[in-house]
Amino acid sequence: MEVADAIELRRSIRRFKNKEIPEGMLKEVLRAAHMAPSAGNLQGRDLIIIKDNAVKELLCMAALNQYFIMAAPVCIVVCANVSRSSARYGKRGELYAVQDSSAAIMNMMLMAQDLGLGTCWVGAFNEAAVTQLLSLPAGVRPVALIPIGYPDESPEVPPRMGEATEHWGKW
Ligand SMILES: Cc1cc2nc3c(=O)[nH]c(=O)nc-3n(C[C@H](O)[C@H](O)[C@H](O)COP(=O)(O)O)c2cc1C
C-alpha cells in the first residue's frame, strides 16, 4: 500500500474481529515503532505488548470502560521514557519523550493499516491506574493504549477542520 493511501484510509477502529494477529505482523508493527524518528535518536519511548485478557480487562477499566480495547487481540501501551530523554535534554526531554512516543504510535498505526489491521489511539485513561497495573518505573509515563486487530467496521471519515487550521506565513 502507498503511504498516501494508508494515511487516507486509516480510521479509528473500535470493533474488532475475534481473530488473532499473526506474530510476524505484530513484529512488523513493532518494527515500525522502532524506526520512528526521535529526539537525539534516544528513542524515548517503550512499548508494553499486552495479550492477556485479564490485563486487557483491567486496562479497559483504567480507560474509563472503553470496552472495545478488550475485543482487540493485542493492546500496545506506548510509554514516554522521560528519564531517558531528560538525562540528555533536561526539562525539554519531557516533551521530546512524548513526541518520540507519538511518532512511534503513528508509524505503528500506518503499518497496521498497510497490513489490513485496525487500530485506535486511546488517550483517555487513568494514568496512575495504568502505571500501577503495568509496574511502570518512575520517569516512565503511559501516553496511549493502542488496541490492534482485524477491523470489524468501516467508519466514515470524521470531518476535518482542514484549511481552517493552516496559517500561512504567520498566525
Ligand atoms: C491523543 C488522542 C487521544 C485519543 N483518545 C481516544 C480515546 O480515548 N478513545 C477513543 O475511542 N478514541 C480516541 N482517539 C481517537 C480520536 O477520537 C480519532 O482519532 C478522531 O476522532 C479522528 O478519527 P479517525 O482517527 O478515524 O481519523 C484519540 C486520538 C488521539 C490523537
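The legends below describe an overall view and several close-up views of a predicted model.

In this predicted model, local features need pLDDT of at least 70 and side-chain atom pairs count only at pLDDT 80 or more, while totals for chains, interfaces and linings use all residues. Residues are numbered from 1 along each chain as its sequence is written, and side-chain values use heavy atoms, with hydrogens and water left out.

**View 1. The whole protein, with seven helices and four strands.** Helices (H or I, at least four residues) and strands (E, at least two) are DSSP runs, numbered from the N terminus, and read along the sequence they follow the pattern α-α-β-α-α-β-α-α-β-α-β. The radius of gyration, 16 Å, is close to the 16 Å that the globule rule gives for 171 residues, so the protein is as compact as a globular protein of that length; the radius is taken over C-alpha atoms, and the rule is 2.2 Å times the number of residues to the power 0.38. The C-alpha trace spans about 45 × 45 × 30 Å along its principal axes.

**View 2. Surface, burial and charge across the protein.** The accessible surface comes to about 9,700 Å², and carbon and sulfur atoms account for 54% of this area; accessible areas come from the Shrake-Rupley method with a 1.4 Å probe, and for residues only the protein chains shown count as cover. Of the 171 residues, 40% count as buried, where buried means under 20% relative accessible area, exposed over 50%, and partly exposed in between (1.4 Å probe, protein chains only). Among contacts (heavy atoms within 4.5 Å) between residues at least 6 apart in sequence, 77% join residues at least 24 apart. The protein carries 18 positive and 18 negative side chains, and the centres of the two sets lie 5 Å apart; Lys and Arg count as positive and Asp and Glu as negative, with His and the chain ends not counted, and the place of a charge is taken as NZ of Lys, CZ of Arg, CG of Asp or CD of Glu.

**View 3. Cysteines C60 and C120 in a structure that holds zero disulfides.** A disulfide is defined as a pair of cysteine sulfur atoms within 2.5 Å. For C60, the closest cysteine sulfur is that of C75, at 8.0 Å, which is too far for a bond. For C120, the closest cysteine sulfur is likewise in C75, at 10 Å, again too far for a bond. C60 is buried, at 0% relative accessibility, and C120 is buried as well, at 2%.

**View 4. S101 within helix 6 (residues 92-114).** The relative accessible area of S101 is 0%, so this serine counts as buried. Neighbours within four places in sequence being left aside, S101 is in contact with G44, R45, V78, C79, A80 and V143.

**View 5. Two loop residues with positive phi, N41 and S135.** N41 is not a glycine, yet its phi is positive at about 55 degrees; this residue belongs to the loop between helix 2 (23-34) and strand 1 (45-50) and is exposed, with a relative accessible area of 54%. S135, also not a glycine, has a positive phi of about 55 degrees, lies in the loop between helix 7 (127-133) and strand 4 (140-149), and is exposed at 61% relative accessibility.

**View 6. A144 in strand 4.** With a relative accessibility of 0%, A144 counts as buried. Residues up to four places away in sequence not being counted, A144 touches I76, V77, V78, I105, W121, V122 and F125. The C-alpha atoms of A144 and S83 are 18 Å apart in space, and the two residues are 61 residues apart in sequence.

**View 7. L117 and G116 in the loop between helix 6 and strand 3.** Strand 3 covers residues 118-119. L117 is buried, at 3% relative accessibility, whereas G116 is partly exposed, with a relative accessible area of 39%. Beyond four places in sequence, L117 touches I21, M25, V29, A112, I148, G149, Y150 and P151, while G116, with its neighbours within four places left aside, is in contact with Y150 and P151. From C-alpha to C-alpha, L117 and A87 are 36 Å apart in space and 30 residues apart in sequence, whereas G116 and A6, 110 residues apart along the chain, have C-alpha atoms separated by 9.8 Å.
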